[in-house]
Amino acid sequence: MITLHHCVSARSFRPLWALEEIGVPYELKMLPFPPRVLARAFMEVNPLGTIPALEDGALFMTESAAICQYLAARYSPGVLDVAPHEADFGRYLNFLHFGEATLTFPQTLVLRYTHLEPPERRQPQIAEDYARWFHARLRTLAPLLETQTYLCAGRFTAADISVGYALMLAELLGLSERFPPPIAQYWRRLREREGFLRAMRAQEAAALAQNVSTVPAPELRP
Ligand SMILES: N[C@@H](CCC(=O)N[C@@H](CS)C(=O)NCC(=O)O)C(=O)O
């Protein structure tokens, strides 16, 4: 059985969404955010204290994009993944990692300096600079999504989950109003998917059952 350690609407939403799209059974272990501070026992599962953490038998993984790549290749070949023999294989990998390495990084600084730091340490100028940087990094997506429904391979893949989560986080941070229209429409398509809606319901039900706040993170409000 796969076990996913998850905080509501954090990066671990990527593998949760992938699991729901694929339909493979899993156990969802909910944690308050940040677990490093609020759930110290989790440090024994993942000494980094970060989520996601995924266990699949003896395998242990902690990178959200890599976990999506793994789940897609192992449990959904030809559906959520793009195989090496397909023309878009390289583009698929690039978008899959673009979602985390290029898009989520500047968002993390916005989150930190608008919500997570105590009020006296908040830095509106830094937050605005990184918000602009995030929007600049969407530059290559808008023209592509004017003519394509999904990022690559002519179908919904794990790459859409990776980039889609960055758009979800942008919405939680109040950055989605500045989305260019093709990106706003793409995000709407993604969040209307049955797999996305099932993942949202799964995290809410698990949070309630495990007595963890259903609010995305302390002080993080849409
Ligand atoms: N590159 C990693 C980043 C993991 C990460 O930093 N997760 C955040 C949540 S979105 C976290 O656990 N932060 C809490 C902390 O650093 O203590 C990934 O994509 O999974």
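**Exercise 1.** Is the crossing of α4 and α8 left-handed or right-handed? Describe how these two helices pack in this predicted model.

*Solution.* Two packed helices are described by the angle between their axes and the distance between the axes. Begin with the angle: α4 (residues 64-75) and α8 (residues 158-172) pack at about 155°, and their axes are 9 Å apart. An angle over 145 degrees counts as roughly antiparallel, so α4 is roughly antiparallel to α8. The handedness follows as a separate property: the crossing of α4 and α8 is right-handed. Last come the contacts, in which Ala65, Cys68, Gln69 and Ala72 of α4 meet Ala158, Ile161 and Ser162 of α8.

**Exercise 2.** Treat the pair α5 and α8 in the same manner.

*Solution.* Helix α5 covers residues 89-116, and its angle to α8 is about 15°, with the axes 7 Å apart. Angles under 35 degrees count as roughly parallel, which is why α5 is roughly parallel to α8. The crossing of α5 and α8 is left-handed. Residues making this contact include Tyr92, Phe95, Gly99 and Leu103 on α5, and Ala159, Ser162, Val163 and Ala166 on α8.

**Exercise 3.** Which residues of α10 are buried, and which exposed residues does the face turned away from them carry?

*Solution.* Helix α10 (residues 194-209) has 16 residues and reaches 22 Å from its first C-alpha to its last, close to the 22 Å expected. Its buried residues are Phe196, Ala199, Gln203 and Ala207. They lie on the same side of α10 because they cover an arc of only 60° around the axis. An α-helix has 3.6 residues a turn, so residues three or four places apart point the same way. The buried residues pack against β1 (2-6), α1 (13-22), β2 (26-30) and α9 (181-191). On the face turned away from the buried side are the exposed residues Glu194, Arg201, Leu208 and Ala209. Asn211, which follows α10, has a positive phi near 60°.

**Exercise 4.** Where do Ser9 and Ala153 lie, and is each buried or partly exposed?

*Solution.* Take Ser9 first. Ser9 is in the loop between β1 and α1, and its phi is positive, about 60°, although it is not a glycine. With 22 other C-beta atoms within 10 Å, Ser9 is buried. Ala153 lies in the loop between α7 (141-147) and α8. Its phi is also positive, about 65°, and it is not a glycine. Ala153 has 19 C-beta neighbours inside 10 Å and therefore counts as partly exposed, since a buried residue needs 20 or more.

Terms used: Residues numbered from 1 in each chain as written. Predicted model: local features only at pLDDT ≥ 70, side-chain atom pairs only at ≥ 80, totals over all residues. Helix = DSSP H or I, 4+ residues; strand = E, 2+ residues; numbered from the N terminus. Expected span 1.5 Å × (residues − 1). Buried ≥ 20, exposed ≤ 12 C-beta atoms within 10 Å, placed from the backbone. Arc of directions from axis to C-beta. Contact = placed C-beta atoms within 7 Å. Axes fitted to C-alpha atoms, helices over the stretch in contact; angles between N-to-C directions. Parallel < 35°, antiparallel > 145°, perpendicular 65-115°, else oblique. Left-handed = near helix turned anticlockwise from the far one by under 90°.
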